[in-house]
Amino acid sequence: MTSSTALRFFSAQDADPHALDGERVVVIGFGNLGRAIAHNLRDAGVAQLVIGNIADEYAQQARAEQFEVLPIAEAAAGADVAFILIPDEVIPEVFEADIAPNLKAGSAILFASGYNLAYELIHPPKGVDVLLLAPRMGGELARERFLNKQGYVAYVSVEQDASGKALKRLLGMAYAVGVLYAGALELDAKREADLDLLVEQTVGAALGVAIMSTYDLGVEAGIPPEAMVLEMYMDGEMETVFRTFRERGFYRASYTHGPTAMYGGYVRTMQLMQSDLAAKFRETLEEIQSGGFAQQFQAERSAGYPALTMAEQMASGDNPFVQPVFEAEARVRSALKIS
Ligand code: NDP
């Protein structure tokens, strides 16, 4: 373990490989992350492993992959450690109805996102360990990086230690699911949730606006749609930019661009900094930190997901505004070798 000021990083050496010996580990949910985590735990040698899921196709898939599957309430009742891997906005009702009332005293619950704890959408009982193990990857990569021992970074924290062995269990789980091949940083649930939403809703949103509006501008100026999608993401150059941020550092990465790109990037970034973008990001942060965004998302669920349905229509191409982009991407993909 290394620390600077109060910040703690954890690596594989900090975990007791026998921390989960004799513990019955339950994975609740067999979706994107749940399935990968379940496979990783099994391959890591967790002997008593059970999936909690409602009786539908995810449960069938888990059984087909030789997991023991129980209804969520029954699985929770038998758990020493329960990793709750269902969608964030669904967790409150499932937690209240099926999980919380059945937990044994001294057991542990883990969350892969601080969201519900941070915005007080759930209130775990006093007698259980409450742990955060929040990977920065989806299930596919979490599985791939477990198999090749590359690991994947996660934020971890002990939110409540009822058993006296909460940290040992947390690091045991982080080790078993493959996180600690890479390492983990301690961050409490509130700051993890604020951070996650902040980056999604500022960096993610600004990148989305930049790509969408630059596409429109370029096409309007006579640049072929195929060239626009190639330049902005299909030729892979943007991936190398982000890889260089990671490998060399964010500012130092500028040296990899020529002087024209460095000069243009610098002056335009400074201009944008003086627009109202930073003020809008601050408003976004305030809405996130106050729990306003979480309330808004629960209302979205209660209303039958109207905004998410529109977003999904765009994502699937079922929207006239995005059709030209889908078509340009398909033409590029069939004409060039995109890998
Ligand atoms: P998924 O959407 O893939 O979860 C699907 C699972 O949730 C299925 O087992 C599904 O079962 C179950 N589920 C859905 N609705 C209900 C319901 N009403 N009642 C009971 N079970 C339900 O979730 P993710 O794997 O994406 O996310 C799980 C957690 O991991 C979240 O906390 C998320 O923030 C976190 N996380 C996700 C990452 C990602 O990239 N996906 C990355 C890092 C963290 P069924 O359909 O059978 O009901």
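This report covers the ligand site, the nonpolar cores and several individual residues of a predicted model.

## Ligand site

The ligand is surrounded by 21 residues. Those that come nearest are Phe30, Asn32, Asn53, Asp56 and Asp88. By class, the shell is made up of 13 nonpolar, six polar and two charged residues.

Polar contacts involve both backbone and side chain. A polar backbone atom of Phe30 sits 2.7 Å from a ligand oxygen. At Leu33, a polar backbone atom is 2.8 Å from an oxygen of the ligand. Asp88 uses its side chain: an N or O atom there is 2.6 Å from a ligand oxygen. On its own, the ligand has 890 Å² of accessible area, and the protein covers 75% of that.

## Nonpolar cores

The largest nonpolar core holds 40 residues. Ile37, Leu41, Leu133, Met173 and Val179 have the most contacts inside it. Helix α7, spanning residues 166–176, gives the most to this core, with six residues.

Val179 shows who meets whom here. Beyond four places in sequence, Val179 touches Leu133, Gly151, Tyr152, Ala154, Ala174 and Ala184. Another core lies apart from the largest one and has 26 residues. Its members include Leu70, Ile72, Leu103 and Val128.

## Tyr152

Tyr152 belongs to the loop between α6 and β9. Its relative accessible area is 1%, so Tyr152 is buried. The cut-off for that class is under 20%.

Outside its sequence neighbours up to four places away, Tyr152 touches a long list of residues, among them Ile37, Asn40, Pro135, Met137, Ala142 and Arg145. The list also includes Val177, Gly178, Val179, Ala182 and Gly183. One polar contact can be given a distance: the Tyr152 side chain reaches the backbone oxygen of Val177 at 2.5 Å. Tyr152 and Ala184 are 32 residues apart in sequence, yet their C-alpha atoms are 8.4 Å apart.

## Glu65

Glu65 is placed in the loop between α2 (57–64) and β5 (68–70). This charged residue counts as buried because its relative accessibility is 15%.

Neighbours within four places aside, Glu65 is in contact with Phe30, Arg35, His39 and Arg42. Phe30 is also one of the residues that come nearest to the ligand.

## Positive phi in two loops

Most residues other than glycine have a negative phi. Two non-glycine residues here have a positive value. Phi of Glu120 is near 55 degrees. Glu120 lies in the loop between α5 (115–118) and β8 (129–135). With 56% relative accessibility, Glu120 counts as exposed.

Lys149 has a positive phi of about 60 degrees. Its loop runs between α6 (139–147) and β9 (154–160). Lys149 is exposed, at a relative accessible area of 56%. Tyr152 sits in the loop between α6 and β9 as well, but Tyr152 is buried.

## Val203

Val203 is part of helix α8, which covers residues 189–220. Its relative accessible area of 46% makes Val203 partly exposed.

Val203 and Phe281 are 78 residues apart along the chain. Their C-alpha atoms are separated by 9.2 Å.

Key. Residues are numbered from 1 along each chain as its sequence is written. This is a predicted model: local features need pLDDT of at least 70, side-chain atom pairs count only at pLDDT 80 or more; totals for chains, interfaces and linings use all residues. Side-chain values use heavy atoms; hydrogens and water are left out. A residue is near a molecule or strand if one of its heavy atoms lies within 4 Å of it. A polar contact is a pair of N or O atoms within 3.5 Å; within protein, one must be able to donate a hydrogen and the other to accept it, and residues adjacent in sequence count only if both atoms are side-chain atoms. Accessible areas come from the Shrake-Rupley method with a 1.4 Å probe; for residues, only the protein chains shown count as cover. Ala, Val, Leu, Ile, Met, Phe, Trp, Tyr, Cys and Pro count as nonpolar, Asp, Glu, Lys and Arg as charged, and the others, Gly among them, as polar. A nonpolar core is a set of buried Ala, Val, Leu, Ile, Met, Phe, Trp, Tyr and Cys residues joined through side-chain atoms within 4.5 Å. Buried means under 20% relative accessible area, exposed over 50%, partly exposed in between (1.4 Å probe, protein chains only). Helices (H or I, at least four residues) and strands (E, at least two) are DSSP runs, numbered from the N terminus. Contact means heavy atoms within 4.5 Å.
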